[in-house]
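Visitor: I'm new here and I like to know the reasons behind the labels. Could you show me the structure and let me ask how each label was earned?

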Amino acid sequence: MTPDEFRRHGHAVVDWIADYQSRVESFPVLSQAKPGQIRASLPANPPVQGEPFDALLKDVATLILPGVTHWQSPNFFAYFPCNASGPGILGDLLSSGLGVQGMLWSTSPACTELETHVLDWLVSMLGLPEKFLSSSTGGGVIQDTASSAALCALLAARERATNYTSNQKGCEGRLVAYASTQTHSSLQKAAMIAGIGSANLRLIEVDQDFAVRPGALAGQIEADKKAGLVPCFVCATVGTTSSNAMDPILEIARVSRHHNLWLHVDAAMSGTAALCPEFRHLQNGVELADSYNFNPHKWMFTNFDCNCFWIADRKALIQTLSILPEYLRNQATESGAVIDYRDWHIQLGRRFRSLKLWFVIRHYGIEGLQHHIREHVRLAQQFAGWVREDDRFEVAAPTPLNLVCFRLKAGDEANQTIMDRLNRSGDLFLTHTKLNGKLTLRLCVGQTHTQARHVEKAWKRIREEANRVR
């Protein structure tokens with residue numbers, strides 16, 4: 001593809017994306033495709049000769065689009081937001097165009113230094129402790145997802161607890177990690193991958209608000225120590241996936257410090273709310289954490305994937321993950337004057353992800369980002385108020401931010417029925433959880449273009465389907 005051809009086809013792709021964004025609201029939010037339908041529509045064999053680019057773009061519309069669930073629809077209220085934005089998409093395009101592989105500082109200094117700089121920006125933007133700054137003992141790095149961030153934190157905790165010997169000798173089955181029953185399932189996978197074992201991940205009971213009980217955590221740690229085990233790690237969550245529960249970080253930190261446990265704070269979605277000073281109290285105690293992460297690709301308008309992970313002692317992470325074969329040796333690395341982010345995560349290669357994050361921050365500015373977060377929270381709180389005013393429904397969990405957990409009082413079958421009907425209609429997309437053993441509907445407000453009219457329409461449709469339930 002020549003530069004002139006690229007320019008022409010690139011304009012066509014941008015036009016296609018812009019057109020898609022302008023009409024995304026017209027599509028059924030949840031794909032209506034049946035299992036195997038998309039694959040059956042594709043040619044059985046690859047083309048022997050190249051095809052015109054126009055044909056490729058046409059097939060995206062006719063063959064691929066029917067199998068897309070529209071995460072960028074303003075009527076997407078399921079799971080959590082995974083929102084994109086114009087500046088984020090263009091930053092990602094630029095990253096692809098440059099084609100940088102930033103495993104070392106020397107393989108593209110700008111890739112490393114922009115990332116370090118933007119992660120330092122975010123420390124002040126989110127009100128995080130200064131120990132997470134690159135100018136201090138810590139620093140930040142962009143991971144792909146919060147799952148990878150949690151795994152890196154657990155690996156560093158494992159090595160610190162074994163005086164950096166488990167990388168060589170393996171685990172002996174005595175290390176124990178802690179999370180709550182509401183902590184994201186990625187912690188179980190991390191325990192499996194890290195060699196700690198899922199049986200040695202203790203899931204601590206929660207209170208009536210679905211936040212971990214610090215007393216129960218302390219009791220379990222004491223019991224494990226008496227049994228000859230070695231507690232090493234605890235994860236506290238700012239906004240659980242299931243119900244947006246807020247773990248009491250300060251109390252958990254005190255327990256962790258007393259027992260010399262690594263404290264990781266997972267603020268995957270809700271950490272974005274800390275852009276607004278009035279929401280920062282939800283993560284009081286974060287200054288005592290050993291590591292922290294949040295996902296700009298969830299609620300900060302930066303398209304997937306982009307997780308920001310900070311660590312208070314970068315030496316602990318580097319010592320855990322660093323391997324330096326001869327073919328990666330270079331003068332800049334040997335000087336000790338640069339950061340080589342290959343030592344900060346699992347994979348060697350890395351994309352120029354900081355470009356899209358930089359674009360988003362500069363396009364919106366702090367005030368622009370705050371405006372959207374506050375509006376999403378306002379709309380969610382308004383929705384929660386409507387639920388409380390309808391005697392047929394109940395709010396099933398506290399609603400500190402932009403997630404409302406609610407249900408019909410008529411029982412699980414009724415809730416399953418109205419959710420299935422709504423999702424099949426294509427008008428909106430909801431998902432569920434189980435709280436106190438009861439099927440509970442979740443409505444999460446956070447998509448980039450969601451406005452008051454979309455939330456109002458969602459509540460209208462929910463009530464309509466509730467009227468049909470007998």
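Visitor: What makes Phe383 count as buried or exposed?

Guide: Keep in mind that this is a predicted model. Phe383 has a relative accessible area of 0%, and buried means under 20%, so Phe383 is buried.

Visitor: And Phe406, buried or exposed?

Guide: Phe406 comes out at 0% relative accessibility. The cut-off is under 20%, so Phe406 counts as buried too.

Visitor: Why are the rings of Phe383 and Phe406 called an edge-to-face pair?

Guide: Two checks here. Their centres are 5.3 Å apart, and a pair needs centres within 6.5 Å. Their planes meet at 70°, and over 60 degrees counts as edge-to-face, so that's the label the pair gets.

Visitor: Which parts of the chain does that pair link?

Guide: Distant ones: Phe383 is in helix H14 (residues 354-389) and Phe406 is in strand S9 (residues 403-408), 23 residues apart.

Visitor: How many aromatic pairs does a search of the whole structure find?

Guide: The search turns up 16 of them. Among them is the pair of Trp16 and Tyr20.

Visitor: Why is the pair of Trp16 and Tyr20 called stacked?

Guide: The ring centres sit 5.7 Å apart, with 10° between the planes. Planes under 30 degrees apart count as stacked, so Trp16 and Tyr20 earn that word. Both residues lie in helix H1 (residues 3-23), four residues apart, or about one turn of the helix.

Visitor: Why does a spacing like that matter for direction?

Guide: An α-helix has 3.6 residues a turn, so residues three or four places apart point the same way.

Visitor: How do you know whether Tyr20 is buried or exposed?

Guide: Tyr20 has 13% relative accessibility. Buried means under 20%, so Tyr20 counts as buried.

Visitor: Which residues form an aromatic cluster?

Guide: One cluster is made of Trp71, Phe76, Tyr79, Phe80 and Phe429.

Visitor: What makes you say that the charged end of Lys298 sits over the ring of Phe80?

Guide: The charged end of Lys298 is 4.4 Å from the centre of that ring. The distance limit is within 6 Å, and the charge must also be within 35 degrees of the ring normal. Lys298 is listed as sitting over the ring of Phe80.

Visitor: Why is helix H6 said to be largely enclosed?

Guide: Of the 16 residues of H6, 13 are buried, so the rest of the structure largely encloses this helix. H6 (residues 146-161) reaches 22 Å from its first C-alpha to its last, close to the 22 Å expected at 1.5 Å a residue. After H6 comes Asn163, with a positive phi near 55°.

Visitor: Now the charges. Why is the contact between Arg213 and Glu205 called a salt bridge?

Guide: Side chains of opposite charge can pair when their charged atoms come close. The closest N and O atoms of Arg213 and Glu205 are 3.5 Å apart, and the limit is within 4 Å, so this is a salt bridge. The structure holds 21 salt bridges.

Visitor: Are Arg213 and Glu205 buried, exposed or in between, and why?

Guide: Arg213 is at 35% and Glu205 is at 48%. Partly exposed lies between under 20% and over 50%, so Arg213 counts as partly exposed, and so does Glu205.

Visitor: What about Arg342 and Asp343, buried or exposed?

Guide: They also form a salt bridge, with the closest N and O atoms 2.9 Å apart. Arg342 is at 6% relative accessibility and Asp343 is at 8%. With buried meaning under 20%, Arg342 counts as buried, and Asp343 does as well.

Visitor: How are Glu464 and Arg461 placed in their helix?

Guide: They are three residues apart in helix H16 (residues 452-468), so about one helical turn separates them. Their side chains meet in a salt bridge, 2.9 Å from N to O. Glu464 is partly exposed at 34%, whereas Arg461 counts as buried at 12%.

Visitor: Which residues do shared salt bridges join into a network?

Guide: Asp92, Asp305, Arg351, Arg353 and Lys356 are joined into one network by salt bridges that share partners.

Methods: Residues are numbered from 1 along each chain as its sequence is written. This is a predicted model: local features need pLDDT of at least 70, side-chain atom pairs count only at pLDDT 80 or more; totals for chains, interfaces and linings use all residues. Side-chain values use heavy atoms; hydrogens and water are left out. Rings of Phe, Tyr and Trp (its six-membered ring) pair if their centres lie within 6.5 Å; planes under 30 degrees apart count as stacked, over 60 as edge-to-face and the rest as tilted. Helices (H or I, at least four residues) and strands (E, at least two) are DSSP runs, numbered from the N terminus. Buried means under 20% relative accessible area, exposed over 50%, partly exposed in between (1.4 Å probe, protein chains only). The expected span of a helix is 1.5 Å times one less than its number of residues.
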